[in-house]
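Here are my notes for you, written as a short guided read. Please keep the structure open beside them as you go.

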Amino acid sequence: KVSNLPKINILVNGKEWRWFMGDGGNHRSYILAHLGHDSFEARIGSIIDKKKAAAWHNVKNGTYTVTEARQIFDCYFDGKKVFRGMV
């Protein structure tokens with residue numbers, strides 16, 4: 001059943017992309033990786049494209065400027081810092 005699949009989110013920066021776990025599925029993905037699986041089925045929760053930062057919810061509501069939002073995006077994308085609750 002599709003609704004039981006773990007959710008992933010995709011970050012897009014130009015022609016490069018990364019994925020990270022959404023809500024649920026972390027344990028399944030870790031276990032499958034430790035069992036030697038190269039992949040697992042998942043559903044896409046969201047696609048977050050850096051070039052569309054001006055349209056992101058927390059930019060539109062004034063929580064972050066476009067520059068601040070892109071800096072946070074870069075931290076996620078580059079894996080420089082650990083954050084929780086991106087989406």
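Which side chain makes a polar contact with the side chain of Ser46? The points below start from there, and please keep in mind that this is a predicted model.

1. **The contact at Ser46.** The partner is Asn9: its side chain and that of Ser46 make a polar contact of 2.9 Å. Asn9 is found in strand S1, residues 7-13, while Ser46 has its place in strand S3. Try locating these two residues on your display before moving on.

2. **Is this pair buried or exposed?** Asn9 has a relative accessibility of 3%, so Asn9 counts as buried. Ser46 is buried too, because its relative accessible area is 17%, which is under the 20% limit for that class. The polar contact of 2.9 Å between the side chains of Asn9 and Ser46 therefore joins two buried residues.

3. **Close in space, apart in sequence.** Right beside Ser46 in the numbering is Gly45, and its C-alpha atom is separated from that of Asn9 by 5.3 Å. Along the chain, Asn9 and Gly45 are 36 residues apart. The pairing of the strands, taken up next, gives the setting for this.

4. **How the sheet is laid out.** There are 3 strands in an open sheet, ordered S2-S1-S3, and the pairing is mixed. S2 and S3 stand at the edges with a single partner strand each, so each has one side without a neighbour in the sheet. On average, neighbouring strands of this sheet are turned by 25° against each other, ignoring direction. As for S1, it is mostly covered, with 5 of its 7 residues buried.

5. **S1 with S2.** These strands run antiparallel, and 6 bridges join S1 to S2, residues 16-21. You can follow the pairing through Ile8, whose bridge partner in S2 is Met21, and through Asn13, whose partner there is Glu16. The hairpin of S1 and S2 has 2 residues between the strands, and Gly14 takes a positive phi near 65° in it.

6. **S1 with S3.** Here the strands run parallel, and again 6 bridges make the connection, this time from S1 to S3, residues 43-49. Leu11 has Ile48 as its bridge partner in S3, and Val12 stands opposite Asp49 in S3. On the other face of the question, what packs on this sheet? Helix H3 does, touching S1, S2 and S3, and its direction makes about 115° with that of S1.

7. **The nonpolar core.** In soluble globular proteins, nonpolar side chains tend to be buried together. The largest nonpolar core in this model has 10 residues: Leu11, Phe20, Ile48, Ala53, Trp56, Val59, Ala69, Phe73, Tyr76 and Phe77. Helix H3, residues 66-78, gives the largest share of this core, with 4 residues. Leu11 and Ile48, the bridge partners from the previous point, are both members of the core.

8. **A salt bridge in S2.** How many salt bridges are counted? The count comes to 2. One of them joins Arg18 to Glu16, with the closest N and O atoms 3.5 Å apart. Arg18 has a relative accessible area of 31% and is therefore partly exposed. Glu16, which also pairs with Asn13 across the hairpin strands, counts as partly exposed because its relative accessibility is 46%.

9. **A salt bridge to H3.** Lys50 forms a salt bridge with Asp74, and the closest N and O atoms are 2.7 Å apart. Lys50 lies in the loop between S3 and helix H2 (57-60), whereas Asp74 is in helix H3, so the pair ties together parts that are 24 residues apart in sequence. Lys50 counts as buried because its relative accessibility is 18%, while Asp74, with a relative accessible area of 23%, is partly exposed.

Definitions and conventions. Predicted model: local features only at pLDDT ≥ 70, side-chain atom pairs only at ≥ 80, totals over all residues. Heavy atoms only, no water. Buried < 20%, exposed > 50% of the residue type's maximum accessible area, 1.4 Å probe, protein only. Polar contact = N/O pair within 3.5 Å; in protein donor to acceptor, adjacent residues only side chain to side chain. Pairing = 2+ DSSP bridges. Core = buried A, V, L, I, M, F, W, Y, C linked by side-chain atoms within 4.5 Å. Axes fitted to C-alpha atoms, helices over the stretch in contact; angles between N-to-C directions. Contact = heavy atoms within 4.5 Å. Salt bridge = Lys/Arg side-chain N within 4 Å of Asp/Glu carboxyl O.
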